[in-house]
Amino acid sequence: PREFQNVVDFMMAFIPNSELLENFGGRFRYTLPKVDVSLSQLFGEIERKRLDLDIEDYSISQTTLEQVFIGFAKEQEENENT
């Protein structure tokens, strides 16, 4: 939806190599490259822009081993189907 475009634009400007994985009902899930910014920089920038972007809450977490395994399995399945 257009009303969330400002969040997408912010992420692309702040972390150009970020990848939007999911956007549902105003909830965004991104994967971020490890080397672009530190967690403190990310938290600081989100806090500075929070009101402008109308962000109610947010969380940042590292990928779990289970998520890595599921992603790897999904990639393997896609490769087998092509």
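These numbered points are a short tour of the structure above, covering confidence, the largest pocket and the aromatic rings.

1. Confidence first. Please keep in mind that this is a predicted model. The protein has an average pLDDT of 87, and 95% of the residues score at least 70. Within the protein, α1 has the highest confidence, at 91, while α3 has the lowest, at a mean of 87. As a general caution, predicted coordinates should not be read in detail where pLDDT is low.

2. The largest pocket. A good place to start looking is the largest pocket, which holds about 1,600 Å³ of space. Its lining is made up of 39 residues. To find the centre on screen, pick out F28, R29, Y30, S59 and I60, the lining residues that lie nearest to it.

3. Who builds the lining. Two or more residues of the lining come from each of α1 (5-14), β1 (19-24), β2 (27-31), α2 (39-49) and α3 (65-80). Strand β2 gives the most, with five residues. Sorted by class, the lining has 19 nonpolar, 11 polar and nine charged residues.

4. The stacked rings. Across the whole structure there are four aromatic pairs. One of them joins F28 and Y30, whose ring centres are 6.5 Å apart. Their planes meet at 20°, and planes under 30 degrees apart count as stacked, so this pair is stacked. Both F28 and Y30 are also among the residues nearest the centre of the largest pocket.

5. Either side of a cut-off. How do F28 and Y30 count, buried or partly exposed? Buried means under 20% relative accessible area. Y30 has 18% relative accessibility, so Y30 counts as buried. F28 has 22%, so F28 counts as partly exposed.

6. The tilted rings. F43 and Y58 make another aromatic pair, with 5.9 Å from centre to centre and 45° between the planes, and this pair is tilted. The two residues are 15 apart and link distant parts of the chain: F43 sits in helix α2, whereas Y58 is in the loop between α2 and α3. F43 is partly exposed, with a relative accessible area of 35%. Y58 is partly exposed too, at 26%.

7. A cluster to finish on. Which residues join F28 and Y30 in one aromatic cluster? The answer is F4, which completes the cluster of F4, F28 and Y30. If you show these three together with the pocket, remember that F28 and Y30 lie among the residues nearest the pocket's centre.

Terms used
Residues numbered from 1 in each chain as written. Predicted model: local features only at pLDDT ≥ 70, side-chain atom pairs only at ≥ 80, totals over all residues. Heavy atoms only, no water. 1 Å grid on protein atoms, 1.4 Å probe; cavity = no way out; pocket = protein on both sides within 12 Å on 5 of 7 lines; lining within 4 Å. Points joined across faces, edges and corners; volume = space filled by probe spheres on them. Helix = DSSP H or I, 4+ residues; strand = E, 2+ residues; numbered from the N terminus. Nonpolar A, V, L, I, M, F, W, Y, C, P; charged D, E, K, R; others polar. pLDDT = per-residue confidence, 0-100. Phe/Tyr/Trp six-rings, centres within 6.5 Å; stacked < 30°, edge-to-face > 60°. Buried < 20%, exposed > 50% of the residue type's maximum accessible area, 1.4 Å probe, protein only.
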